[in-house]
Structures are given as structure tokens and as C-alpha cells.
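The exercises below are meant to be worked through with the sequence and the model side by side. Each one sets a task and is followed by a solution in steps.

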Amino acid sequence: MVDGPPKLISPSPASNSLHIVGLEMAKTPIGDHASNPSWFTPKRLLIIFCVINMLNYVDRGAIASNGVNGSLKTCSESGVCTPGSGIQGDFNLSNFQDGVLSSAFMVGLLVASPIFASLAKSHNPFRLIGVGLSFWTFATAGCGSSFDFWSIAIFRMLVGVGEASFVSLAAPFIDDNAPVTQKTAWLAMFYMCIPTGIALGYVYGGFVGEHFNWRYAFWGEAILMLPFAVLGFVMKPLQLKGFAPAESKNATVGPETEGPGLSNVNGGVLIRNELISNNASNKASKSRGAFKMCNQFPRFLIDMKMLLLDKVYVVNVLGYVSYNFVIGAYSYWGPKAGYNIYHMNNADMTFGGITIVCGILGTLAGGYILDCMDATISNAFKLLSGATFLGAIFCFISFCLKGLYGFIALFSVGELLVFATQAPVNYVCLHCVRPSLRPLSMAMSTVAIHIFGDVPSSPLVGILQDHVNNWRETTLILTSVLFLASGIWFLGVFLDSVDRFKLDSENQSVQSKATMKPLLEGEDDEMPDTSTGP
């Protein structure tokens, strides 16, 4: 009898070398691993995700554009009538119904985001993105083929369902593949596509609606997204850190004990599984599959509890909600407020231009500055608080000025500073939780900032304006909420924050140099009968 741990066969030198090779392979970044397609480099992954993200927001801009949204039929007192145009004119929608369409996608997004985040624990996240993009493609094509208010409203909800998988899972993929010294810069490039996409959507929707028909705008979006939906199924799937490979049916790495390396590649796990008998592994695979299905909802509740008890995460999201409350109201009421306060001739173009330029420059600058500061959660909170506070000051003063050019100059600086928060706030969401919780972290952050932020802010600001009947006072009160967001993020500087992503990576490095006991103990759970075999 060979000495060793109870119930375990002492591994031979050959098997020891296989284990070591497996762990070294597990430490290899996703983008560099030989099992991935040779052309699917991290930079190309970033480009593909940026294009998809931009298409998502082009759709939001297009449906709000005059060319697609249109207007109702109007008749003058002399009896001369102007025919309606766009969605509102074709379906004879009231302003309320028209407003419902602009936010209907939120229903699907808010419901499906946590569902996709939970499914990532039992299904390959890359394939889930493919499923979501397929939903999105079908739904946008359906919007172009709709025949009344309810049909297009349902398709708009399905657009949100399709977007949900991408919102939850894209940022963790980028975080895994980005160079260590450029993580927030890569996230900044990804989130830069939000203001860019919306602005392009205004132009795209206006052009297509004016020269063709509003339906062609949606059909065009579906055609552009279709190749990416197909790509999600035909490409060899990538694996997120913190998740056991979906192809490795014998891997028992769970959300609490999984190693970051073992989740990235199949090599180490597959080599280990070759040492297990086929009969035992098949039985274990079936039992684990049934267990996952039965425990999906309890697992979700446990994960939600962990998020809600994480002070760093809660403070970050609360600040993000306050921030998004202001940004959402700016995007909706800004042109109208600018027209009434400063009598702008083309308020839409002015605010749209400021948003796209400051959105791109500010978002990129925020990611670059955090990387230069040394990307830590504490530094991210410092940048969030400082940039938001200074941005609030400039925006507040701009609305106090009487001159148009002074307003444009100061408001542009304020917007530049405010948009610098996009990369840091999402960096905190990704790094304050363990890797397996990142999809749910991003999903619930998205749900929170919409439910409590931009969705209620527009009607609440409308009610405030009806009460005070002064757009200058209304915008000043609204801008003051940015000081609240800055204060909340400032509290995060003093919290005991731990970068779970870096911590797990360090633990994996230590584990690879230590004994194989934890891995062998996992094998003992998988094959209780192998120690008694001949």
C-alpha cells in the first residue's frame, strides 16, 4: 500500500506533471490560450463588443429621432391639415403611448438581466450573448414589421430581453481579456459607445425616416446585428473567469470554491478528468446537472444577498443611481430647457453635439486617468467623487449664467467631467465582487440605475417644472443631485475595499505553488468508489 491521504490513490509522477501542466494552462489569459481561435484576439473581442454596444444605442437614438418617431396629423384653424409621420403618425399614438414605446425595452431589460446573469453559472456565457443577440435581431426586425401600438410595444420589450445578456456579460469578458495596466481604459472604450451610439441613432433615424420609411431603420439595424448573433454560436466559446467550463461536464468547480484559472480554460480540467473512470464521471455529471436545475433560484437568492451585504457594491450603485437620475433627465429635458432659458435656435443639435463630444472624451479620459492612478477600488471612488463634484459645480454655474456662449463653455466642461465616471463606476462593479458574481453585479447595477434613476427622473422633473414654472430653477435643482452622488461615492473612499479579481488571481498563483490537496479533495467528492477499485 502506498502512503497517502485516506481514500486517495497517490498520484504517479506522470499524473503529477499532468496536474501541474493543467494549472499552468489555467493561468493563461483567455485571449492567449491555444484552444481559442487564432484570430480572436483580445483587441478584436473589444472591437466586436464595442460595435455591438454601439448598435444597441443606435437603436435607442433612432426610435427617439424625428424621422422614426414622427408626429401626429395636425390641422390648422383654416382647415389645412398636415399628415402624420413616423410611428406616431402611422399608428395615431397619443403622447403617452409614444412615451411608453421609448421606454418599453426597459421591461425586457430589467426582467431578463438577472436571468441571464444566473444562467451564466450553468451555461457558457459566450453562447448566452449569442442567444440574446438573436432575440435582439428578431425583435428589431419585428418593430419594422409591426402593425399597431401593441405589436410594436411587445417587440420593444423583446429588444430589451435581447440586450440583457449583452449588458450582463460583455463587461466581464472585456475585464478578463484586457491588459492588466489598461483595464479601465478598455472599459472606457466600451462605454464610450453609449453617447456615440445615441448620437448616431439620431442621425441614422432622421436620414432613413426622411428618405425612405421609418420601418427601414429597424430592418437595417437587424441586418447589421445578424452577423454578430451568428458569431455567438459558430465561434468556439470563450470562458469567463470564475465559471467552470461548460464543455467540461465533469468539472465541479462551484461558485464559492472555483479557481480563476480553472474557469478560463478546459485544458487543466480535462487532463484531470482523464484519470477518472467514465462510469463514475457520467453519474456525477448527471447528478450535478439535476442539482443545478433544482438550485438555480436558491443560488440566485444567495448571490443577491451577498451583493446587498457588500457595502462597497451598495455605495457604488447608490451613487450611480443618483448620477443616472441627473443624466437621464438631462438627455430628455435638456434641449427643451436650453430652448426656454437661452432661446436656442437648434437646441437638439447643441445638446447632441455637447453630449457626443464630451461623452467620448470624458469617458476615455476617466479610464486613462484611473489606470495612471493605479486602478484600485479606493482610487476609483476618489475619481468618481472628485470628477462628479467638479462637474456638478461647472454645470450648476452654467445654468446660472445669462449668456448662451458662457453656458455652452461651462456646461461642456461639466459634461466632460461628469462622463469621466463611466469607466471607474463599472470597474468597481466588476472588481468589488468575486469573479463568478460579476454578471449578476452588472445586471443588478443596470436594473437599479434604470428603476431608480433615469426612468423616474424625467416625469419627476416634469412635475417639478409644472410646479415652479421656471426652467432655470428646475435645472439648478436637478443639477444639485450630482452633489449627492459625489457625496455618496466619497463615502466609498473610507470603506474597507478588496479587489476580488486581483485577490482571486493571487490565490490561484499561490495555489499552483502549493500542494494538490484541495484538487484531490475535490476528486474524492467526485469518485467515492475509485479508491476501492482494483
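In what follows, a residue is called buried when its relative accessible area is under 20%, exposed when that area is over 50%, and partly exposed in between. The model is a predicted one, and its protein chain holds 24 helices and two strands.

**Exercise 1. Loop residues and their exposure**

Task: Determine whether Asp-374 is buried, partly exposed or exposed, and do likewise for Asn-469 and Asp-148.

Solution: Begin with Asp-374, which sits in the loop that runs between helix 17 (347–373) and helix 18 (377–400). Its relative accessible area is 47%, and because values from 20% to 50% fall in the middle class, Asp-374 is partly exposed. The backbone of Asp-374 also deserves a look, since its phi is near 85°, a positive value in a residue other than glycine.

Go on to Asn-469, placed in the loop between helix 21 (438–468) and helix 22 (471–492). Here the relative accessible area is 64%, which is over 50%, so Asn-469 is exposed. Asn-469, although not a glycine, has a positive phi of about 55°.

Finish with Asp-148, found in the loop between helix 7 and helix 8 (149–177). With a relative accessibility of 28%, Asp-148 counts as partly exposed. The C-alpha atom of Asp-148 is separated by 9.0 Å from that of Asn-92, although the two residues are 56 apart along the chain.

**Exercise 2. The packing of helix 2 and helix 9**

Task: Decide how helix 2 is oriented relative to helix 9, and describe the residues through which these helices meet.

Solution: The first step is the geometry: helix 2 and helix 9 (residues 183–191) pack with their axes 8 Å apart and at an angle of about 30°. Because angles under 35 degrees count as roughly parallel, helix 2 is roughly parallel to helix 9.

The second step is the contact itself, to which helix 2 brings Pro-42, Lys-43, Leu-46, Phe-49, Cys-50 and Asn-53, while helix 9 brings Trp-186, Met-189, Phe-190 and Tyr-191. Sorted by class, the residues of this contact comprise eight nonpolar, one polar and one charged.

The third step follows Asn-53 of helix 2, whose relative accessible area of 5% is under the 20% limit, so that Asn-53 is buried. Apart from neighbours within four places in sequence, Asn-53 is in contact with Phe-166, Phe-190, Tyr-191, Cys-193 and Ile-194.

**Exercise 3. The largest cavity**

Task: Find which elements give two or more residues to the lining of the largest cavity, and state how this lining divides by class.

Solution: Start from the count, which comes to five cavities of 30 Å³ or more; the largest of them holds about 70 Å³ of space. Eleven residues line this largest cavity, and the closest to its centre are Phe-49, Ile-52, Phe-126, Ile-129 and Phe-228.

Next, assign the lining to elements: helix 2 (42–64), helix 7 (125–144) and helix 11 (214–234) each give two or more residues, and the largest share, four residues, comes from helix 7. By class, the lining has nine nonpolar and two polar residues, with no charged ones.

**Exercise 4. The chain as a whole**

Task: State what percentage of the residues of the protein chain count as buried.

Solution: The chain has 534 residues, of which 53% count as buried. A companion value concerns contacts between residues at least 6 apart in sequence, of which 79% join residues at least 24 apart.

Definitions and conventions
Residues numbered from 1 in each chain as written. Predicted model: local features only at pLDDT ≥ 70, side-chain atom pairs only at ≥ 80, totals over all residues. Heavy atoms only, no water. 1 Å grid on protein atoms, 1.4 Å probe; cavity = no way out; pocket = protein on both sides within 12 Å on 5 of 7 lines; lining within 4 Å. Points joined across faces, edges and corners; volume = space filled by probe spheres on them. Nonpolar A, V, L, I, M, F, W, Y, C, P; charged D, E, K, R; others polar. Axes fitted to C-alpha atoms, helices over the stretch in contact; angles between N-to-C directions. Parallel < 35°, antiparallel > 145°, perpendicular 65-115°, else oblique. Contact = heavy atoms within 4.5 Å. Buried < 20%, exposed > 50% of the residue type's maximum accessible area, 1.4 Å probe, protein only.
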